[in-house]
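Here's a quick tour of a small set of side-chain features, going from the whole chain down to single residues. Have the viewer open as you read.

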Amino acid sequence: MASAAAAARSGLRSLAARAKATAAPAARRRMSSSAHDDAHETAKWEKITYAGIVTCTLLAAYNLSKGHPHFDEPPAYPYLHIRNKEFPWGPDGLFENKHH
């Protein structure tokens, strides 16, 4: 029985050694210039970001510099602002423009 256990251990050791020899090392990365590529991508996206910031700023300045139309006052429809009782602070609403 002792020799069977020793034979099994020996077989397992040889199998483990063979598997270890044929397996590729997982700790090493085999890329030619990964550090250079990462730095290049970072620099590229930094330039794209700055170009986008400048473009958005210029577009916002252009849109804000244009005038916008001012319309005449809407007609005084009789069904708007019906007041059955005067407010304690006067005839207009609290946040309305005073025309008196």
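## The fold in brief

Before placing any residue, a word on helices: here they are DSSP runs of H or I covering at least four residues, and they're numbered from the N terminus. With that in hand, the model, which is a predicted one, has two helices and zero strands in its protein chain. Helix H2 covers 34-65, and Leu 80 sits in the segment that follows it. Glu 96 is also placed in the segment after H2.

How much of the chain is buried? Of its 100 residues, just 3% count as buried. The protein chain exposes about 9,900 Å², and 63% of that is supplied by carbon and sulfur atoms.

## A salt bridge in H2

How many salt bridges does the structure hold? There's one, and it joins the side chains of Glu 41 and Lys 44, with N to O at 3.4 Å. That fits under the cut-off, because a Lys or Arg side-chain nitrogen has to be within 4 Å of a carboxyl oxygen of Asp or Glu.

Both partners belong to helix H2, where they're three residues apart, so about one helical turn separates them. Neither end is tucked away: Glu 41 is partly exposed at 35% relative accessibility, and Lys 44 is partly exposed too, with 34%.

## Stacked tyrosines

Now for the aromatics. Searching the whole structure turns up one aromatic pair. It's made by Tyr 77 and Tyr 79, whose ring centres are 5.5 Å apart and whose planes meet at 20 degrees, so the pair is stacked. The reasoning is simple, because planes under 30 degrees apart count as stacked.

Are these rings buried or exposed? Tyr 77 comes out partly exposed, at 40% relative accessibility. Tyr 79 is exposed, with a relative accessible area of 55%, which puts this residue past the 50% mark.

## The nonpolar patch

The two tyrosines turn up again on the surface, where Tyr 77, Tyr 79, Leu 80 and Ile 82 form a nonpolar patch. Together these four have about 450 Å² of accessible area.

Leu 80 is partly exposed, its relative accessible area being 43%. Leu 80 can therefore join a patch, because membership calls for over 30% relative accessible area.

## Contacts of Glu 96

Which residues does Glu 96 touch, leaving out those up to four places away in sequence? The contacts are His 81 and Arg 83. Glu 96 itself is partly exposed, with a relative accessibility of 30%.

Technical notes:
Residues are numbered from 1 along each chain as its sequence is written. This is a predicted model: local features need pLDDT of at least 70, side-chain atom pairs count only at pLDDT 80 or more; totals for chains, interfaces and linings use all residues. Side-chain values use heavy atoms; hydrogens and water are left out. Patches are made of residues with over 30% relative accessible area and no salt bridge: like charges are joined within 9 Å, nonpolar side chains (Val, Leu, Ile, Met, Phe, Trp, Tyr) within 5 Å. Accessible areas come from the Shrake-Rupley method with a 1.4 Å probe; for residues, only the protein chains shown count as cover. Buried means under 20% relative accessible area, exposed over 50%, partly exposed in between (1.4 Å probe, protein chains only). Rings of Phe, Tyr and Trp (its six-membered ring) pair if their centres lie within 6.5 Å; planes under 30 degrees apart count as stacked, over 60 as edge-to-face and the rest as tilted. Contact means heavy atoms within 4.5 Å.
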